[in-house]
Amino acid sequence: MQRTPTHQYEPWMRRALDVARTLPDPGADDPPVGAVVYDHEGNEIAAAHHDRARTGDPTAQAEILALRHAGEAFGTWRLDGCTLVTTLEPGIMSAGALVLARIPRLVIGSWDKYNGAVCSLWDVVRDRRLNHYVEVIPEVLKSETDSLLNAYLDTPHVT
């Protein structure tokens with residue numbers, strides 16, 4: 001199996017890391033996760049970070065919010081030709097949204113061994129029983145995304 005070179009996605013992942021770092025209160029039971037949607041030409045369309053703790057909305061995950069903003073920008077729910085870059089492997093809800101939005105490519109920084117729905121626990125985005133298949137580019141700037149998430153895990157949180 002040949003792996004896709006990841007260096008071309010590093011600037012995009014650095015942007016997702018910057019977005020993750022803008023989380024208003026990273027100590028408030030919401031991990032610093034950032035997601036960015038790029039169009040087929042590499043232009044940034046939308047960016048978001050987890051915002052569940054501030055909004056009280058369980059669906060306010062970085063990937064979901066970035067997809068919503070991208071859909072608004074394009075005026076359609078079909079995000080054909082776009083790439084979503086996220087600092088943490090999406091969970092079930094976000095992975096399902098990626099499939100339904102017809103995102104062709106997903107770039108991941110860190111794996112989520114507790115909730116991951118791309119490889120860690122499930123593989124929703126590449127399940128051939130579904131109507132869309134997402135290409136996965138894993139572990140882009142993994143040491144940097146791991147470092148950001150580990151710093152969060154090492155601090156006490158409100159639960």
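Me: In β3, which residue is the bridge partner of Ala35?
Reply: This is a predicted model, and a good place to start is strand β1, which covers residues 34-38. β1 pairs with strand β3 (residues 83-88) in the antiparallel sense, over four bridges. In β3, the bridge partner of Ala35 is Thr86.

Me: And in β2, which residue is the bridge partner of Ala35?
Reply: β1 also pairs with strand β2, residues 44-49. That pairing is antiparallel too and runs over five bridges. Over in β2, Ala35 is partnered by Ala48.

Me: Which residue takes a positive phi in the hairpin of β1 and β2?
Reply: The hairpin has five residues between its strands. One residue there has a positive phi, near 90°. That residue is Gly42.

Me: How many of the residues of β1 are buried?
Reply: Take the two sides in turn. On one side sit Gly34, Val36 and Tyr38, and they are buried. On the other side Ala35 and Val37 are buried as well, so to speak of β1 as mostly covered fits the cut-off of under 20% relative accessible area. The count for β1 is five of five.

Me: What do the buried residues of α3 pack against?
Reply: Helix α3 spans residues 62-74 and reaches 18 Å from its first C-alpha to its last, close to the 18 Å expected. Its buried residues include Ala62, Ile64, Leu67 and Gly71. What they pack against is β1, β2, β3 and α4.

Me: Which residue follows α3, and what is its phi?
Reply: α3 has 13 residues, 62-74. Right after α3 comes Gly75, with a positive phi near 75°.

Me: Are α1 and α5 roughly parallel or roughly antiparallel to each other?
Reply: Two packed helices are described by the angle between their axes and the distance between the axes. Here the axes of α1 (residues 10-20) and α5 (residues 142-153) come within 10 Å and cross at roughly 10°. Angles under 35 degrees count as roughly parallel. So α1 and α5 are roughly parallel.

Me: Which residues in α5 do Met13, Arg14, Leu17 and Ala20 meet?
Reply: Those four residues belong to α1, whose axis comes within 10 Å of the axis of α5. The residues they meet in α5 are Glu144, Thr145 and Leu148.

Me: Is Gly109 buried or exposed?
Reply: Gly109 has its place in strand β4, residues 105-110. Leaving aside neighbours within four places in sequence, its contacts include Met13, Thr86 and Thr145. Its relative accessibility is 0%, and buried means under 20%, so Gly109 is buried.

Me: What separates the C-alpha atoms of Lys142 and Gly109?
Reply: Lys142 is found in helix α5, and with a relative accessible area of 28% it is partly exposed. Not counting residues up to four places away in sequence, Lys142 touches Gly109, Ser110 and Trp111. Lys142 and Gly109 are 33 residues apart along the chain, yet their C-alpha atoms are separated by 4.8 Å.

Me: How far apart in space are Gly109 and Ala97?
Reply: Along the sequence, Gly109 and Ala97 are 12 residues apart. In space, C-alpha to C-alpha, the separation is 19 Å.

Me: How many disulfides does the count come to?
Reply: Two cysteines are worth a look. Cys82 counts as buried at 2% relative accessibility, whereas Cys119 is partly exposed at 39%. A disulfide needs a pair of cysteine sulfur atoms within 2.5 Å. By that rule the number of disulfides is zero.

Conventions:
Residues numbered from 1 in each chain as written. Predicted model: local features only at pLDDT ≥ 70, side-chain atom pairs only at ≥ 80, totals over all residues. Heavy atoms only, no water. Buried < 20%, exposed > 50% of the residue type's maximum accessible area, 1.4 Å probe, protein only. Helix = DSSP H or I, 4+ residues; strand = E, 2+ residues; numbered from the N terminus. Pairing = 2+ DSSP bridges. Expected span 1.5 Å × (residues − 1). Contact = heavy atoms within 4.5 Å. Axes fitted to C-alpha atoms, helices over the stretch in contact; angles between N-to-C directions. Parallel < 35°, antiparallel > 145°, perpendicular 65-115°, else oblique.
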